[in-house]
Amino acid sequence: ADKGLVANHVPLLRYGDGRLVGHIAVANELHRLVPDVHEVLALFGGEDSYISPNWYPGKAAHHKVVPTWNYRVVHVHGRLSFQHDEKANCAVVGRLTTRFERETNGDAAWKMADAPAVFMAEQLDAIVGISIAVNRVEAKSKLSQNRAPEDHDSVTEQLGKRGKPDLARRMR
(Lines give C-alpha, C1' and ligand atoms only; values in the text may rest on other atoms or scores of the structure.)
Protein backbone atom coordinates (compact mmCIF):
# COMPACT_ATOMS: atom_id res chain seq x y z
CA ALA A 1 0.00 0.00 0.00
CA ASP A 2 1.21 3.49 -0.82
CA LYS A 3 1.98 5.30 2.42
CA GLY A 4 2.81 8.60 0.71
CA LEU A 5 5.83 10.57 1.84
CA VAL A 6 8.18 8.92 4.33
CA ALA A 7 10.46 10.83 6.72
CA ASN A 8 13.32 9.48 8.82
CA HIS A 9 15.81 11.16 11.12
CA VAL A 10 19.11 9.47 10.28
CA PRO A 11 22.69 10.63 10.80
CA LEU A 12 24.42 10.82 7.45
CA LEU A 13 28.07 11.40 6.61
CA ARG A 14 29.51 12.73 3.40
CA TYR A 15 31.64 10.15 1.67
CA GLY A 16 34.50 11.11 -0.66
CA ASP A 17 32.80 10.09 -3.91
CA GLY A 18 29.87 12.52 -3.54
CA ARG A 19 27.58 10.26 -1.54
CA LEU A 20 25.94 10.52 1.85
CA VAL A 21 26.06 7.29 3.87
CA GLY A 22 24.28 6.04 7.00
CA HIS A 23 22.08 3.19 8.16
CA ILE A 24 18.63 2.37 9.42
CA ALA A 25 17.27 -0.53 11.47
CA VAL A 26 15.99 -3.55 9.54
CA ALA A 27 12.71 -2.92 11.39
CA ASN A 28 12.48 0.52 9.73
CA GLU A 29 10.10 0.07 6.80
CA LEU A 30 11.93 2.62 4.63
CA HIS A 31 13.86 -0.09 2.75
CA ARG A 32 10.60 -1.93 2.05
CA LEU A 33 8.54 1.14 1.07
CA VAL A 34 11.02 3.03 -1.10
CA PRO A 35 12.38 1.37 -4.24
CA ASP A 36 16.15 1.03 -4.52
CA VAL A 37 17.79 3.90 -6.43
CA HIS A 38 14.82 6.21 -5.77
CA GLU A 39 14.99 10.02 -5.73
CA VAL A 40 15.05 11.40 -2.16
CA LEU A 41 15.57 14.67 -0.35
CA ALA A 42 17.80 14.91 2.73
CA LEU A 43 17.30 18.00 4.90
CA PHE A 44 19.98 19.46 7.14
CA GLY A 45 18.74 22.22 9.40
CA GLY A 46 20.95 24.69 11.18
CA GLU A 47 19.97 26.82 14.12
CA ASP A 48 16.73 28.78 13.73
CA SER A 49 14.69 31.22 15.78
CA TYR A 50 11.54 33.28 16.02
CA ILE A 51 12.21 37.00 15.44
CA SER A 52 9.99 39.44 17.34
CA PRO A 53 9.01 42.80 15.82
CA ASN A 54 9.89 44.29 19.22
CA TRP A 55 13.56 43.69 18.41
CA TYR A 56 13.52 46.24 15.57
CA PRO A 57 14.47 49.79 16.59
CA GLY A 58 12.71 50.94 13.39
CA LYS A 59 9.38 49.82 14.87
CA ALA A 60 9.13 53.01 16.97
CA ALA A 61 9.36 55.20 13.87
CA HIS A 62 6.99 53.47 11.43
CA HIS A 63 5.41 50.35 13.02
CA LYS A 64 5.72 48.56 9.67
CA VAL A 65 7.09 45.34 11.11
CA VAL A 66 5.83 41.80 11.58
CA PRO A 67 7.20 38.66 13.23
CA THR A 68 9.40 36.37 11.16
CA TRP A 69 11.73 33.38 11.43
CA ASN A 70 15.47 33.26 10.77
CA TYR A 71 17.08 29.98 9.73
CA ARG A 72 19.80 28.14 7.84
CA VAL A 73 19.05 24.95 5.89
CA VAL A 74 20.59 22.68 3.26
CA HIS A 75 18.55 20.46 0.92
CA VAL A 76 20.44 17.55 -0.65
CA HIS A 77 18.78 15.81 -3.58
CA GLY A 78 19.94 12.38 -4.72
CA ARG A 79 19.20 8.73 -5.37
CA LEU A 80 18.83 6.42 -2.37
CA SER A 81 20.30 2.91 -2.44
CA PHE A 82 20.20 0.23 0.23
CA GLN A 83 23.09 -2.03 1.29
CA HIS A 84 22.18 -5.35 2.84
CA ASP A 85 25.64 -6.91 3.03
CA GLU A 86 27.62 -7.09 6.27
CA LYS A 87 30.82 -5.64 4.79
CA ALA A 88 29.11 -2.45 3.57
CA ASN A 89 27.17 -2.08 6.82
CA CYS A 90 30.31 -2.60 8.90
CA ALA A 91 32.04 0.16 6.92
CA VAL A 92 29.13 2.58 7.46
CA VAL A 93 28.94 1.87 11.20
CA GLY A 94 32.72 2.23 11.40
CA ARG A 95 32.61 5.66 9.74
CA LEU A 96 29.75 6.89 11.91
CA THR A 97 31.17 5.68 15.22
CA THR A 98 34.68 6.88 14.41
CA ARG A 99 33.40 10.35 13.59
CA PHE A 100 30.98 10.81 16.46
CA GLU A 101 32.94 8.93 19.12
CA ARG A 102 36.05 10.99 18.35
CA GLU A 103 34.02 14.21 18.65
CA THR A 104 32.34 13.01 21.85
CA ASN A 105 35.10 11.13 23.67
CA GLY A 106 38.39 12.03 22.00
CA ASP A 107 41.12 9.51 22.82
CA ALA A 108 38.67 7.47 24.93
CA ALA A 109 36.42 6.86 21.89
CA TRP A 110 34.50 3.58 21.78
CA LYS A 111 35.56 1.32 18.92
CA MET A 112 33.62 -1.48 17.28
CA ALA A 113 36.40 -3.85 18.35
CA ASP A 114 35.49 -3.06 21.99
CA ALA A 115 32.33 -5.17 21.63
CA PRO A 116 32.37 -8.98 21.32
CA ALA A 117 32.58 -10.07 17.65
CA VAL A 118 29.45 -12.24 17.82
CA PHE A 119 27.47 -9.37 19.35
CA MET A 120 28.68 -6.93 16.64
CA ALA A 121 27.72 -9.41 13.92
CA GLU A 122 24.22 -9.62 15.40
CA GLN A 123 23.96 -5.85 15.51
CA LEU A 124 25.14 -5.51 11.91
CA ASP A 125 22.52 -8.06 10.82
CA ALA A 126 19.88 -5.77 12.32
CA ILE A 127 20.68 -2.77 10.07
CA VAL A 128 20.41 -1.77 6.43
CA GLY A 129 23.04 0.56 5.03
CA ILE A 130 21.87 3.55 3.05
CA SER A 131 23.69 5.58 0.44
CA ILE A 132 22.52 8.70 -1.33
CA ALA A 133 24.24 9.56 -4.62
CA VAL A 134 24.02 13.36 -4.46
CA ASN A 135 22.97 15.16 -7.63
CA ARG A 136 22.02 18.61 -6.29
CA VAL A 137 22.62 20.69 -3.16
CA GLU A 138 20.66 23.82 -2.26
CA ALA A 139 21.53 25.99 0.73
CA LYS A 140 19.37 28.80 2.04
CA SER A 141 19.78 31.29 4.88
CA LYS A 142 17.27 33.85 6.08
CA LEU A 143 19.17 35.97 8.56
CA SER A 144 17.38 39.34 8.59
CA GLN A 145 19.47 40.39 5.61
CA ASN A 146 16.48 42.36 4.28
CA ARG A 147 16.38 44.61 7.36
CA ALA A 148 17.93 48.04 7.89
CA PRO A 149 21.39 47.78 9.49
CA GLU A 150 20.14 48.94 12.93
CA ASP A 151 17.34 46.35 12.89
CA HIS A 152 19.73 43.60 11.75
CA ASP A 153 22.21 44.49 14.49
CA SER A 154 19.47 44.54 17.13
CA VAL A 155 18.18 41.09 16.07
CA THR A 156 21.75 39.76 16.18
CA GLU A 157 22.18 41.13 19.70
CA GLN A 158 18.83 39.72 20.89
CA LEU A 159 19.64 36.26 19.53
CA GLY A 160 22.98 36.32 21.32
CA LYS A 161 21.25 37.19 24.60
CA ARG A 162 18.56 34.53 24.14
CA GLY A 163 20.73 31.43 23.76
CA LYS A 164 21.17 31.47 19.99
CA PRO A 165 24.88 32.34 19.72
CA ASP A 166 25.50 30.30 16.56
CA LEU A 167 22.70 32.04 14.70
CA ALA A 168 23.90 35.44 15.94
CA ARG A 169 27.45 34.61 14.84
CA ARG A 170 26.22 33.62 11.38
CA MET A 171 24.33 36.90 11.11
CA ARG A 172 27.47 38.86 11.89
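This section describes the overall architecture, one helix pair and the largest pocket of a predicted model.

The protein chain contains 6 helices and 6 strands. Read from the N terminus, these elements follow the order β-β-α-β-β-α-β-α-α-β-α-α. The radius of gyration is 22 Å, well over the 16 Å expected from the globule rule for 172 residues, so the protein chain is more spread out than a compact globule. Along the principal axes, a box of roughly 70 × 45 × 30 Å encloses the C-alpha atoms of the protein chain.

Helix packing was examined for helix 3 (residues 86-105) and helix 4 (residues 117-125), whose axes come within 10 Å and cross at roughly 100°. Because angles of 65 to 115 degrees count as roughly perpendicular, helix 3 is assigned a roughly perpendicular orientation relative to helix 4. On the side of helix 3, the contact is formed by E86, N89, C90 and V93, while helix 4 contributes A121, L124 and D125. Classified by residue type, this contact between helix 3 and helix 4 comprises 4 nonpolar, 1 polar and 2 charged residues.

The largest pocket encloses about 790 Å³ of space. Its lining is made up of 26 residues, of which V6, A7, N8, V40 and L41 are the closest to the centre of the pocket. Three elements, namely helix 1 (30-33), strand 3 (38-45) and strand 6 (127-142), each provide at least two residues of this lining. Strand 3 accounts for the largest share, with 7 residues of the lining of the largest pocket. In terms of residue class, the lining of the largest pocket consists of 19 nonpolar, 4 polar and 3 charged residues.

How values were computed: Residues are numbered from 1 along each chain as its sequence is written. This is a predicted model: local features need pLDDT of at least 70, side-chain atom pairs count only at pLDDT 80 or more; totals for chains, interfaces and linings use all residues. Side-chain values use heavy atoms; hydrogens and water are left out. Axes are lines fitted to C-alpha atoms, for helices over the stretch in contact, and angles run from 0 to 180 degrees between N-to-C directions. Helices (H or I, at least four residues) and strands (E, at least two) are DSSP runs, numbered from the N terminus. Angles under 35 degrees count as roughly parallel, over 145 as roughly antiparallel, 65 to 115 as roughly perpendicular and the rest as oblique. Contact means heavy atoms within 4.5 Å. Ala, Val, Leu, Ile, Met, Phe, Trp, Tyr, Cys and Pro count as nonpolar, Asp, Glu, Lys and Arg as charged, and the others, Gly among them, as polar. On a 1 Å grid over the protein atoms alone, a cavity is a set of points where a 1.4 Å probe fits but cannot get out, and a pocket is an open set with protein on both sides within 12 Å along at least five of seven lines; lining residues have an atom within 4 Å of a point. Grid points are joined across faces, edges and corners, and a volume is the space filled by probe spheres set on the points. The radius of gyration is taken over C-alpha atoms; the globule rule is 2.2 Å times the number of residues to the power 0.38.
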